[in-house]
Amino acid sequence: MSAVTIYTGGFCSACVRAKALLERRGIAYTEVNVEDHPGLQRELLARSGRRTLPQVYVDESWVGGADELAALDASGDLMKLVQPKE
């Protein structure tokens with residue numbers, strides 16, 4: 001399975017929703033709380049163009065936030081995205 005990383009912050013309800021979706025689908029992920037890493041929010045802004053959390057990456061590709069993750073799940077594309085590449 002691809003490496004999934006979710007960047008989160010303190011009291012972020014969208015972060016909770018995104019993590020719950022990944023867990024329901026049995027998708028392992030690494031969580032990085034940006035509050036624990038000074039400067040990481042600026043790096044995420046440069047990479048994604050967004051200031052909001054969560055920010056989800058599959059391998060090194062930006063997927064989006066909680067809404068984009070939910071849309072990928074609803075379309076069936078999320079599982080395709082995280083499956084091993086042959």
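**Exercise 1. The disulfide**

Task: Determine how many disulfides this predicted model holds, which residues they join, and what the handedness is.

Solution.
Step 1. A search of the whole structure of this predicted model turns up one disulfide.
Step 2. The partners are Cys 12 and Cys 15, with an S to S distance of 2.2 Å. A pair of cysteine sulfur atoms counts as a disulfide within 2.5 Å, so this pair qualifies.
Step 3. The torsion about the S-S bond of Cys 12 and Cys 15 is about 80°, and the disulfide is therefore right-handed.
Step 4. Both ends of the bond are covered: Cys 12 is buried, as is Cys 15.

**Exercise 2. The elements and the overall form**

Task: State how many helices and strands the protein has, in what order they run, and how its radius of gyration compares with the globule rule.

Solution.
Step 1. The secondary structure consists of four helices and four strands.
Step 2. Read from the N terminus, the elements follow the order β-α-β-α-β-β-α-α.
Step 3. The radius of gyration is 12 Å, close to the 12 Å given by the globule rule for 86 residues, so the protein is as compact as a globular protein of that length.
Step 4. Along the principal axes, the C-alpha atoms fill a box of roughly 35 × 25 × 20 Å.
Step 5. Of the 86 residues, 38% are buried. Among contacts with a separation of 6 or more, 59% are between residues 24 or more positions apart.

**Exercise 3. The sheet and the helices packed on it**

Task: Establish the order of the strands in the sheet, identify the edge strands, and describe how H1 and H2 pack on the sheet.

Solution.
Step 1. The four strands form an open sheet with mixed pairing, in the order E2-E1-E3-E4.
Step 2. E2 and E4 are the edge strands, since each of them pairs on one side only.
Step 3. On average, neighbouring strands of the sheet are turned by 25° against each other, direction ignored.
Step 4. The pairing of E1 with E2 is parallel and extends over four bridges. Within this part of the sheet, Ile 6 stands opposite Glu 31 in E2.
Step 5. Helix H1 (residues 13-24) packs on the sheet and touches E1 and E2; the direction of H1 makes about 160° with that of E1.
Step 6. H2 also packs on the sheet, where it touches E1, E2, E3 and E4, and its direction makes about 65° with that of E3.

**Exercise 4. The two sides of helix H2**

Task: Find which residues of H2 are buried, whether they are gathered on one face or spread around the helix, and what covers them.

Solution.
Step 1. In helix H2 (residues 40-48), the buried residues are Leu 40, Leu 44 and Ser 48.
Step 2. Seen down the axis of H2, these residues fall within an arc of 55°, so they line one face of the helix.
Step 3. A general rule fits here: an α-helix has 3.6 residues a turn, so residues three or four places apart point the same way.
Step 4. The cover over the buried residues of H2 includes strands E1 (4-8), E2 (30-33), E3 (55-58) and E4 (61-64).
Step 5. On the face turned away from the buried side, H2 carries the exposed residues Arg 42 and Ala 46.
Step 6. After H2 comes Gly 49, which has a positive phi, near 80°.

**Exercise 5. Thr 5 and strand E1**

Task: Locate Thr 5, decide whether it is buried or exposed, and name its bridge partner in E3.

Solution.
Step 1. Thr 5 belongs to strand E1.
Step 2. Its relative accessible area is 17%. Buried means under 20%, so Thr 5 counts as buried.
Step 3. The rest of the strand agrees: five of the five residues of E1 are buried. Val 4, Ile 6 and Thr 8 lie on one side and Thr 5 and Tyr 7 on the other, so both faces of E1 are covered.
Step 4. E1 pairs with E3 in the antiparallel sense over four bridges, and the bridge partner of Thr 5 in E3 is Tyr 57.
Step 5. Neighbours within four places in sequence aside, Thr 5 is in contact with Thr 30, Val 32, Gln 55, Val 56 and Tyr 57.

**Exercise 6. Unusual backbone geometry**

Task: Identify which residues a cis peptide bond joins, and where Asp 59, with its positive phi, is found.

Solution.
Step 1. As background, most residues other than glycine have a negative phi, and most peptide bonds are trans.
Step 2. Leu 53 and Pro 54 are joined by a cis peptide bond, with omega about 0°. Pro 54 is in the loop between H2 and E3.
Step 3. Asp 59 has a positive phi, near 55°, although it is not a glycine.
Step 4. Asp 59 sits in the loop between E3 and E4, and it is partly exposed, with a relative accessible area of 39%.

Terms used. Residues numbered from 1 in each chain as written. Predicted model: local features only at pLDDT ≥ 70, side-chain atom pairs only at ≥ 80, totals over all residues. Heavy atoms only, no water. Buried < 20%, exposed > 50% of the residue type's maximum accessible area, 1.4 Å probe, protein only. Helix = DSSP H or I, 4+ residues; strand = E, 2+ residues; numbered from the N terminus. Arc of directions from axis to C-beta. Contact = heavy atoms within 4.5 Å. Pairing = 2+ DSSP bridges. Axes fitted to C-alpha atoms, helices over the stretch in contact; angles between N-to-C directions. Rg over C-alpha atoms; globule rule 2.2 N^0.38 Å.
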